[in-house]
Amino acid sequence: MRQSHLFTKTRKEAPSDETSKNAQLLIRAGYVYKEMAGVYSYLPLGLRVLENIKQIIREEIHREGGQEMVMTALQEKELWEQTDRWDDSVVDIWFKTELKNGTELGLGITHEEPLTRIMTSYISSYRDLPQYAYQFQNKFRNETRAKSGIMRGREFLMKDLYDFSKNEAEHNEFYERIRGAYKRIFERVGIGDSTYVTFASGGIFSEFSEEFQTVSDAGEDLIYVDEEKGVALNKEVYTDAVIEKLGLDKSALVEKKSIEVGNIFHLGTKFSEPLGLQYTDEAGNKVPVYMGSYGLGPTRLMGTLVEVLADEKGIVWPESVAPFRVHLVGLNLDDAEIRDYAEGIYSALTTRGVTVLYDDRDVRPGEKFADSDLIGIPYRVVVSRKTKSEGIFEVVERATGEVHSLSEEELYQKYIPEAEE
RNA sequence: CGGGGUGUAGCAUAAUGGUAGUGUACGCGGUUUGGGACCGUGUGGCCCGGGUUCGAUUCCCGGCUCCCCGACCA
């Protein structure tokens with residue numbers, strides 16, 4: 001894409017109403033636009049990152065058999081009353097609205113109820129199980145206090161996956177697979193090393209749930225990490241009894257602030273029983289379906305990547321989620337010969353399948369470099385009178401600052417993305 | 001929800017009981033061109049409602065907004 005066509009612009013200064021690093025940088029670089037407290041729009045650059053994150057999640061969930069769908073944001077009161085999750089005294093984060101005729105509706109906070117009801121239409125025999133369904137959808141939660149930029153909003157994107165299993169053992173097997181899928185996801189987006197599977201308080205059907213917590217000072221959670229074993233405990237379950245039960249040594253646990261980037265839950269029959277989701281087993285008995293739920297917020301994950309990986313110059317995206325692979329910075333473009341040359345490189349890279357943001361704007365070099373650092377694309381390729389005359393390409397890696405001088409052939413070979421299997 | 005702040009141009013800020021200045025961004029002219037250049041010039045602004053006052057952007061009250069601390073957080 002030509003930068004001259006991009007409708008967003010960078011800003012030198014951070015907005016005064018944002019204190020979190022993720023919001024300041026994402027707004028300055030033109031990835032997001034703040035609509036109101038805790039509500040952000042995703043602009044062209046931001047959407048590209050978000051879609052890359054979603055695609056990674058999709059690939060890993062599909063690998064475990066998940067089927068993608070999309071449910072509605074509008075929710076029916078009667079459905080949620082069946083599980084006693086409608087009343088404000090029970091769930092106080094609903095955004096509620098109504099039809100013209102006065103019928104109350106809510107904007108979805110999560111989707112166990114509607115999906116369970118949907119499944120009652122399709123699951124009736126043990127032959128229909130197990131099933132795994134998920135979606136990416138905006139959730140609405142009327143938080144009393146939005147904070148931390150895009151990491152704790154009132155409207156945010158969530159990937160929510162649910163499993164419908166015959167029994168606890170079958171559910172547990174899927175649960176384990178999803179734990180693995182989540183590890184792969186956090187690995188692929190570049191925060192595998194700083195993300196820990198963390199024991200947290202469970203629900204009705206299990207003593208613990210597990211959270212994926214990424215160590216960061218921007219986090220709202222406190223966890224206790226055993227780095228040797230690669231596991232952690234949330235503060236909410238940090239007691240001597242739990243530590244002993246999990247076979248951990250209190251002296252090895254280090255307190256850290258962290259961001260909850262995902263969680264996985266055992267639901268048991270908490271939803272299937274009240275909503276009547278049951279199946280007939282081999283012996284002809286009616287049995288409630290055994291469930292689990294698995295959440296992961298792509299928008300929060302995007303904010304986390306900025307928090308964890310950015311430096312003093314701006315954002316640093318991992319290659320896997322960056323909006324473009326190469327930032328082609330053209331200098332001396334007022335010289336028609338240089339411009340033709342730069343255009344040639346742009347089209348050569350593009351036709352080879354490399355995603356390129358081509359800075360063809362008529363602004364000074366310093367501004368281009370500063371913007372390039374801020375936007376955070378992994379590889380910057382500079383094309384100028386100088387590089388043309390020398391016949392080389394100057395490639396700067398955003399993450400490390402390393403500079404490489406490559407020939408044209410090396411450039412094409414190095415930056416063609418490896419085919420995904 | 002409790003407490004504390006905040007609100008001035010697209011953005012960031014200053015001053016002020018007598019209608020507001022700067023930087024940046026934006027328009028125009030010119031000099032520049034490998035790390036946010038410079039000169040000239042122009043456009044553009046006091047959150048909403050009420051009160052006090054001859055006069056309110058400024059003081060007072062209320063509302064709203066946004067931020068922070070805490071509480072809350074499948």
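Colleague: Is E307 buried or exposed?
Modeller: This is a predicted model, where local features need pLDDT of at least 70, side-chain atom pairs count only at pLDDT 80 or more, and totals for chains, interfaces and linings use all residues. A residue is buried if 20 or more other C-beta atoms, placed from the backbone, lie within 10 Å of its own, exposed if 12 or fewer, and partly exposed in between. E307 has 22 C-beta neighbours inside 10 Å, so E307 counts as buried.

Colleague: Which helix does E307 lie in?
Modeller: Residues are numbered from 1 along each chain as its sequence is written, and chains are lettered from A and ligands numbered from 1 in the order in which they are written. Helices (H or I, at least four residues) and strands (E, at least two) are DSSP runs, numbered from the N terminus. The run at residues 298-309 holds E307, and that helix is α8.

Colleague: Which residues does E307 touch, not counting residues up to four places away in sequence?
Modeller: Contact here means that two C-beta atoms, placed from the backbone, lie within 7 Å. On that basis, E307 touches K21, N22, S216 and A218.

Colleague: Which strands stand at the edges of the open sheet β4-β6-β5?
Modeller: Strands of a sheet pair through backbone hydrogen bonds, either parallel or antiparallel. In this sheet the 3 strands run in the order β4-β6-β5 with antiparallel pairing, and two strands pair if DSSP finds at least two bridges between them. Each edge strand has a single partner, so one side of it is left without a neighbour in the sheet; these are β4 (74-76) and β5 (95-98).

Colleague: What is the bridge partner of T97 in β6?
Modeller: β5 and β6 (residues 104-107) run antiparallel and are joined by 4 bridges. In β6, T97 has as its bridge partner L105.

Colleague: How many residues does each domain of chain A give to the contact?
Modeller: An automatic or database domain assignment sets the bounds: domain 1 is 3-73 + 108-309 and domain 2 is 326-415. Their C-alpha centres lie 37 Å apart. The contact takes 5 residues from domain 1, and from domain 2 it takes 8.

Colleague: Which element gives the largest share of the surface near RNA strand B?
Modeller: A residue is near the strand if its C-beta atom, placed from the backbone, lies within 6 Å of it, and 41 residues surround RNA strand B. The elements that give two or more residues are β13 (254-268), α10 (365-375) and α11 (385-390). The largest share, 8 residues, comes from α10.
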